[in-house]
Amino acid sequence: MPPPQSDIANATTPALPRAPDLAIIGGGIVGLWCAVRAGAAGLRTVLLEKDRIGQGASGGFLGALMPHQPIRWTPEKAFQLDALMSLETEIVMLQERTGIDCGYRRCGRLIPTRTEKKRAQRIDWQAAARQNWPMASPGGTLLEWRLLDATPDAGWLAPDAAPLGCEFDTLSARVSPRALLAALAVAAGSTVDIRERSRVARLHDGGALIVLDDGTELTPGRIILTAGYETFDFLHALAGRRLGRGVKGQAALMHPRRPVDPDAPILYFGGVYVIAHDNGLIAIGSTSESEFADATATDHRLDDLVARAMTICPALDGAALQERWTGVRPNAIGRHPMIGPRPDCPRIVVCTGGYKISFGIAHRMADAALGFVTDQKTALPSRFEIAAHLACAQ
């Protein structure tokens, strides 16, 4: 499924509300979840997307939903775990509401083990998972971290890629990012005014005034700023400090020569992800490039990534390239999501920086952002708060 192509802004679209209760800036995964929540709360809401829904970093095809390591447990890891558990139920409800299959599957994850040191460490991970994870998922899957002496499927994970066996966690899942975006757009569109090709040029008076690039002015009651890595540009213009950066990622979508079991677990090793999807295609990702000259072009780094994936996954042998993709993901300066109002601009609630885990936690980020808008603050890990990121910028 390609990125959603709704292109809902056209000549028959009603006039843009100039004084909504809430304006959401950004139509990626976090912005759409915010829109769904705002609609449910009864807020008169406008979502402003500079291009089309799903054209930014959210519009890829990887869709990995993987937990943090279960060792050295923290409030941040607990937040992600709660989000991964509740997302299963959220997607079921979203699919029933919209009729769109989001391609969700709790498939698990395999990590090859190549050294005795790593295998010894993973015994601790196994014990930590028993201590910190629930016994089962909402759908009844037994959640555990197993140590396997050999690859369970030599046609999926090559035996020579896992000379000392592998680890298998049953908590990891995957989703079709583009299908999920499409479902959220349909769900939000029933109650929220979604405006594509509506770029915000400037924010004035601490968020009291939004000026679009065509000169249109809006005076919203509150703003949720969730424009991906461009959020940091807005914040820099407001306060003179840069609170994050964009990190480029490249991915490839492959068509295997032979059918692949859609239940195949995610393969993860050394920054390489290999993910089988319900449509029979295999996604490979992703690079992490802090320095890049062209945000829109794929290059040799993706070629290298695909070559590495082929060394661990025999199913990719002879696979045909279906699509190359790149996007720039938001990485907040504190290396955690950034959620909450700016102290000097309380009208503006920032909600960004999920980086590689955004799809798994976006609905919980949205809950927290709406809590600030409606003055029903949701408890957050302290490292997610704006103050923690501001401290890192000093």
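**Surface, cores and helix H5 of a predicted chain**

The accessible surface of the protein chain (Shrake-Rupley method, 1.4 Å probe) comes to about 16,400 Å², and 51% of that area belongs to carbon and sulfur atoms. This is a predicted model, in which local features need pLDDT of at least 70 and side-chain atom pairs count only at pLDDT 80 or more, while totals for chains, interfaces and linings use all residues. Residues are numbered from 1 along each chain as its sequence is written, and side-chain values use heavy atoms, leaving out hydrogens and water.

Colleague: What percentage of the 394 residues in the protein chain is buried?

Modeller: Buried means under 20% relative accessible area, with a 1.4 Å probe and protein chains only. By that criterion, the buried share of the 394 residues is 55%.

Colleague: Which helix supplies the largest share of the largest nonpolar core?

Modeller: A nonpolar core is a set of buried Ala, Val, Leu, Ile, Met, Phe, Trp, Tyr and Cys residues joined through side-chain atoms within 4.5 Å. The largest one has 62 residues, of which Ile29, Cys34, Leu180 and Ile224 touch the most other members. Its largest share, 10 residues, comes from H7.

Colleague: Within what arc do the buried residues of H5 fall?

Modeller: Helices here are DSSP runs of H or I with at least four residues, numbered from the N terminus. In helix H5 (residues 231–239), the buried residues are Thr231, Phe232, Phe234 and Leu235. They line one face of the helix, because, seen down the axis (directions from the helix axis to the C-beta atoms), they fall within an arc of 155 degrees.

Note on methods:
Buried < 20%, exposed > 50% of the residue type's maximum accessible area, 1.4 Å probe, protein only. Helix = DSSP H or I, 4+ residues; strand = E, 2+ residues; numbered from the N terminus.
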